[in-house]
Amino acid sequence: MIRRSVSNSVLAAALDVPVAVGSQAGEGSAWGIALLARYCDERYRGLSLADYLQRTAFVTANEDVIEPSTSETEAYNDFLARYRASIGIEMESIRTLA
């Protein structure tokens, strides 16, 4: 199942690269801190964090890849161009209100 959220789609479009989302991505920071605590256990000394995660936490993990679509990337680039063009207006409003 692809975890296609708005944020993942925007990230893929903004960077114009595929974005991989692990099946455990929804578990959040409590799960992450528990993994780090377990990594501190002496049984895992000598392993890099990447090796530890590959050998323990992500052994059975599935990865969904969200490919950026041409239309999403173009829409993001259009938004960014309009945003950059409006920065001068923002700065002028700050000067006016200050």
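These legends describe close-up views of one predicted model. Local features need pLDDT of at least 70, side-chain atom pairs count only at pLDDT 80 or more, and totals for chains, interfaces and linings use all residues. Residues are numbered from 1 along each chain as its sequence is written, and side-chain values use heavy atoms, with hydrogens and water left out.

**View 1. The whole chain, with four helices and two strands.** Read along the sequence, the order is α-β-α-α-β-α. Helices (H or I, at least four residues) and strands (E, at least two) are DSSP runs, numbered from the N terminus. The chain has 98 residues, and 17% of them count as buried. Buried means under 20% relative accessible area, exposed means over 50%, and partly exposed lies in between (1.4 Å probe, protein chains only). About 7,300 Å² of the chain is exposed, with carbon and sulfur atoms supplying 58% of that area. Accessible areas come from the Shrake-Rupley method with a 1.4 Å probe; for residues, only the protein chains shown count as cover. Take the contacts between residues at least 6 apart in sequence: 68% of them join residues at least 24 apart. Contact means heavy atoms within 4.5 Å.

**View 2. The largest nonpolar core.** Six residues make it up: L35, Y44, L47, Y52, L53 and A57. Helix α3 (residues 49-57) gives the most to this core, with three residues. A nonpolar core is a set of buried Ala, Val, Leu, Ile, Met, Phe, Trp, Tyr and Cys residues joined through side-chain atoms within 4.5 Å. Residues up to four places away in sequence aside, Y52 touches L35, R38, Y39, Y44, L47 and A57.

**View 3. T73 in helix α4.** The helix spans residues 70-97. T73 is buried, at 9% relative accessible area. Beyond its neighbours within four places in sequence, T73 contacts A13, D16 and P68.

**View 4. The D41 and R43 salt bridge.** Three salt bridges turn up in a search of the whole structure. Each is a side-chain nitrogen of Lys or Arg within 4 Å of a carboxyl oxygen of Asp or Glu. In this pair, the N to O distance is 3.3 Å. D41 is partly exposed at 28% relative accessible area, whereas R43 is exposed at 58%.

**View 5. Salt bridges within helix α4.** R82 pairs with D78, their closest N and O atoms being 3.2 Å apart. These two residues sit four apart in helix α4, so about one helical turn separates them. R82 is exposed, with 51% relative accessible area; D78 is partly exposed, with 41%. E92 and R95 also meet in a salt bridge, at 3.2 Å from N to O. They lie three residues apart in the helix, about one turn. E92 is partly exposed at 41% relative accessibility, and R95 is exposed at 53%.

**View 6. A nonpolar patch on the surface.** F79, Y83, I87, M91 and I94 form the patch, with about 480 Å² of accessible area together. Patches are made of residues with over 30% relative accessible area and no salt bridge; like charges are joined within 9 Å, nonpolar side chains (Val, Leu, Ile, Met, Phe, Trp, Tyr) within 5 Å. F79 belongs to helix α4. F79 counts as partly exposed, at 41% relative accessibility.
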